[in-house]
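Notebook open, model loaded. I want the sheets, the hairpins, the cavities and the confidence on paper before I go further.

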Amino acid sequence: MVSITPESPVASVFGRSPKRKLVEEGLGIHTVGELLRHFPRRYVQTKELSEVGTPEVGQLLSVVGEVTSSTVKTFQRGRKLQYRTEVRIRTNGPSFSLSFFTPHAGQASSYAEQMPLGSRGLFTGKTKIFNGSWQLEQPHHLMFGDGGEDQSLSKLLPVYPLTNRLYVWDLIKVIRVALDLVTDVPDVLTPALRERYDVLDVMTALRLVHGPDDYAQAGAGQRRFRFEEALVLQLVLARRRAAQRALGAQARTGGGGLLAAFDERLPFDLTAGQGEIGEVLETELAQAHPMNRLLQGEVGSGKTVVALRAMLRVVDSGGQAALLAPTEVLAQQHHRSISAMLGDLAQGGMLGGAADGTTVALLTGSMPKAAKDEALSMLSSGDAGIVIGTHALLEESVTFADLGLVVVDEQHRFGVKQRAALTGKAGTPPHVLVMTATPIPRTVAMTVFGDLETSVLTELPAGRAPIQTNVVPLVDQPQWISRVWERVREEVAKGHQVYVVCPRISGDTLEEGESDQLDVDEDGEVTTKKVPLAAVEDLHEELSGGELQGLRTAVLHGRLPADQKERTMRAFAAGQVDVLISTTVIEVGVDVHNATTMVLLDADRFGVSQLHQLRGRVGRGGLPGLCLLVSRAEAGTPARERLDAVASTTDGFELSRVDLEQRREGDVLGANQSGFRSSLVTLRVLRDEKTILRAREAADELLREDADLSAYPGLAAAVADIEASQHSEYVDKS
């Protein structure tokens with residue numbers, strides 16, 4: 001018998017089979033090792049019929065069914081007699097008919113013999129309705145024991161991620177061959193580690209994952225690989241945390257009077273959470289190694305005040321602080337709000353400025369050259385203690401006198417190299433504070449932001465009003481859109497203001513960074529429904545001459561000139577605009593207390609967390625907020641489930657779990673940000689919370705004992721592979 005290793009080409013187990021090319025090109029599997037690590041996404045019980053709900057016409061369906069009839073019929077095609085084997089199967093749901101066509105009587109009889117009355121098997125085909133009953137078109141089948149084709153199948157049939165024209169049984173057979181022939185499969189976990197953490201050896205785990213007799217065996221195999229993956233990932237993160245602690249940084253212990261003066265002038269009391277986190281930040285800023293902290297908080301929870309107090313602490317220590325924002329609208333908003341909060345403390349060195357004051361500079365890409373040059377001069381000289389800017393802060397021409405703190409707002413909008421470009425402008429490693437208003441489940445924070453310490457602001461400051469959220473289902477009630485615009489007019493009549501948010505700028509133009517929201521079915525297949533989407537420019541023209549005629553309307557989107565965006569936002573904030581028709585550029589940072597209502601058109605095109613962020617723009621001034629989610633999504637679809645979830649709760653952490661469950665880890669870990677798929681293979685950050693927690697404890701324990709992992713060469717190599725590969729970028733997102 002030929003011996004193969006994990007490095008052997010996949011052709012060594014496929015031979016001349018035409019399916020080999022499908023595996024190589026369709027699944028990207030080129031070695032036997034990659035084939036063995038192509039794990040099942042679920043299992044079906046060969047002894048039980050599939051639970052089938054209501055199928056959708058045209059979907060590819062795989063079911064375990066029992067044959068209830070099997071007959072051969074003839075029909076005439078031209079002058080030739082043709083044969084059709086008609087098979088009927090039952091499931092725990094609807095029954096299906098399947099037709100197998102052949103020009104030969106013997107082949108037709110063979111089909112009937114393979115599928116005798118009472119036999120069971122896995123049947124795959126596209127669903128359709130014919131003469132009032134369900135059919136599986138272009139069917140394929142694999143029969144189970146008791147007279148079926150394959151007597152050696154396990155009681156649980158693995159179902160693998162597939163590609164076009166590749167079927168489950170193709171992979172079952174070839175993986176079985178690979179398991180019989182493969183030798184020298186490396187195990188990154190030594191016998192001592194396997195005993196210590198109670199996991200199986202790699203070959204036993206592979207056999208149980210690919211051919212279990214029951215769910216207990218499948219679970220044992222899965223636990224081994226999930227723990228292995230979690231451990232390697234947590235070791236990478238733990239090593240990074242240790243490396244950060246080893247870096248020298250300048251301690252920022254205060255000494256000036258700026259922070260004290262700011263605290264004295266605050267017109268409100270800090271919440272308990274703001275006070276506690278402020279103390280933590282002061283302690284960490286005073287250390288001789290860099291602070292690296294993630295600050296989570298719901299929209300309106302007061303993260304900006306917490307960050308500003310940390311920036312003032314650094315300025316009091318003779319250093320500078322930079323706040324990096326993802327959009328010009330948000331950078332300008334931060335500059336306005338921080339300058340307003342500081343008052344004359346933001347006019348250091350100016351006539352009328354406070355003695356303890358500093359200068360707050362703004363730097364964006366679209367600023368006039370003279371204004372930009374002035375800002376650059378203040379940064380390099382140290383005259384500006386605080387700078388707020390966009391990607392323009394990352395340009396080579398930007399230098400600082402003494403950059404002590406980097407605050408990154410809405411971290412998910414930035415890549416690794418962008419953050420590094422800013423922190424690299426400091427003479428010594430700066431302290432870093434990452435802020436996000438997108439609630440992150442604990443295990444996501446531990447995997448995506450695993451090299452940062454985490455703080456969470458859970459309280460909302462006084463004056464925040466509740467937000468009522470309603471779904472407006474146009475697919476069922478198209479006339480309700482008229483009531484939406486009536487509701488807008490009613491709010492304006494009360495003296496309030498309204499946001500109307502669209503997914504597009506114009507009929508054929510996507511907003512910057514926008515992609516259609518994808519729906520993922522239970523088998524991981526992605527579907528996108530193509531429908532005309534609401535567009536800012538088209539809708540403004542329609543409404544200003546129609547349902548909202550007579551109201552003061554304006555448009556805002558990312559492709560407007562910067563000065564026009566600034567004028568529009570200032571006009572809206574000043575109450576000079578009744579209805580702002582916008583794209584998602586108002587998603588973060590925009591703070592207009594008189595805005596009470598938001599209408600989100602084609603709301604199903606946005607993700608759960610984004611919807612939660614957007615509606616946080618209303619109800620900020622003590623007035624009750626209203627958010628209307630207008631959608632054509634049908635009841636029961638993933639898109640409608642997203643909207644119903646948002647309407648049902650304002651708990652951002654609960655919604656973040658819903659978002660993660662629907663979008664899968666690939667998006668959350670940054671596939672859309674970095675251009676490659678998440679490298680998580682077996683782990684799911686919600687399902688495997690206990691495994692991730694256990695792996696983090698194990699990683700810290702192992703590194704305390706052996707910082708270089710010299711006693712565990714396989715584990716050390718796996719860690720080195722991640723650290724050296726581009727896949728470490730998703731770990732680096734912090």
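**Entry 1: a helix on a sheet.** I started at helix α20, residues 638-648, which lies across β15 and β24. I read its angle to β15 as about 155°. A reminder to myself: this is a predicted model.

Next I looked up how those two strands meet. β15 and β24 (residues 625-631) run parallel and are joined by 7 bridges. For a register mark I noted Gln 468, which stands opposite Leu 626 in β24.

Then I traced the whole sheet. It is open, has 6 strands and pairs in parallel, in the order β15-β24-β23-β16-β22-β21. Which strands stand at the edges? I found β15 (467-473) and β21 (553-556) there. Each has a single partner strand, so one side of each has no neighbour in the sheet. Ignoring direction, neighbouring strands are turned by 20° against each other on average.

**Entry 2: the sheet of 7 strands.** I moved on to another open sheet, also with parallel pairing. I wrote its order down as β10-β11-β9-β12-β13-β8-β14. The edge strands are β10 (359-363) and β14 (453-457). Each is paired with a single strand, so one of its sides is left without a neighbour in the sheet. I get an average twist of 20° from one strand to the next.

I checked one pair inside this sheet. β9 (residues 320-324) and β11 (residues 384-389) pair in the parallel sense over 4 bridges. Ala 321 stands opposite Ile 386 in β11.

Which helices cover these strands? Helix α12, residues 328-342, lies across β9, β10, β11 and β12 (403-409). I have α12 running at about 170° to β10. Helix α13, residues 369-381, lies across β9, β10 and β11. Its angle to β10 is about 130°.

**Entry 3: hairpins.** I went back towards the N terminus for antiparallel pairing. β2 (residues 60-77) and β3 (residues 80-90) pair that way over 11 bridges. They form a hairpin with 2 residues between them. In the turn I noted Gly 78, with a positive phi of about 65°.

β3 also runs antiparallel to β4 (residues 96-102), with 7 bridges joining them. That hairpin connects β3 to β4 through 5 residues. Val 87 serves as my marker on β3. It stands opposite Ser 70 of β2 and also opposite Leu 98 in β4.

**Entry 4: cavities.** How many cavities of 30 Å³ or more does the structure hold? I count 2. I looked into the second largest, with a volume of about 30 Å³. Its lining consists of Gly 278, Leu 281, Glu 282, Val 306, Arg 309 and Ala 310. Helices α10 (272-285) and α11 (303-316) each supply at least two of the lining residues. By class I have 3 nonpolar, 1 polar and 2 charged.

**Entry 5: confidence.** I closed with pLDDT. The mean for the protein is 84, and 87% of residues reach 70 or more. Residues 666-678 stay under 50. For that stretch, the model has 28 contacts beyond four places in sequence. Residues 726-734 are also below 50, with 40 contacts beyond near neighbours in sequence. I have marked both stretches, 666-678 and 726-734, in my copy.

Notes:
Residues are numbered from 1 along each chain as its sequence is written. This is a predicted model: local features need pLDDT of at least 70, side-chain atom pairs count only at pLDDT 80 or more; totals for chains, interfaces and linings use all residues. Side-chain values use heavy atoms; hydrogens and water are left out. On a 1 Å grid over the protein atoms alone, a cavity is a set of points where a 1.4 Å probe fits but cannot get out, and a pocket is an open set with protein on both sides within 12 Å along at least five of seven lines; lining residues have an atom within 4 Å of a point. Grid points are joined across faces, edges and corners, and a volume is the space filled by probe spheres set on the points. Ala, Val, Leu, Ile, Met, Phe, Trp, Tyr, Cys and Pro count as nonpolar, Asp, Glu, Lys and Arg as charged, and the others, Gly among them, as polar. Two strands pair if DSSP finds at least two bridges between them. Axes are lines fitted to C-alpha atoms, for helices over the stretch in contact, and angles run from 0 to 180 degrees between N-to-C directions. Contact means heavy atoms within 4.5 Å. pLDDT is the predictor's confidence in each residue, from 0 to 100.
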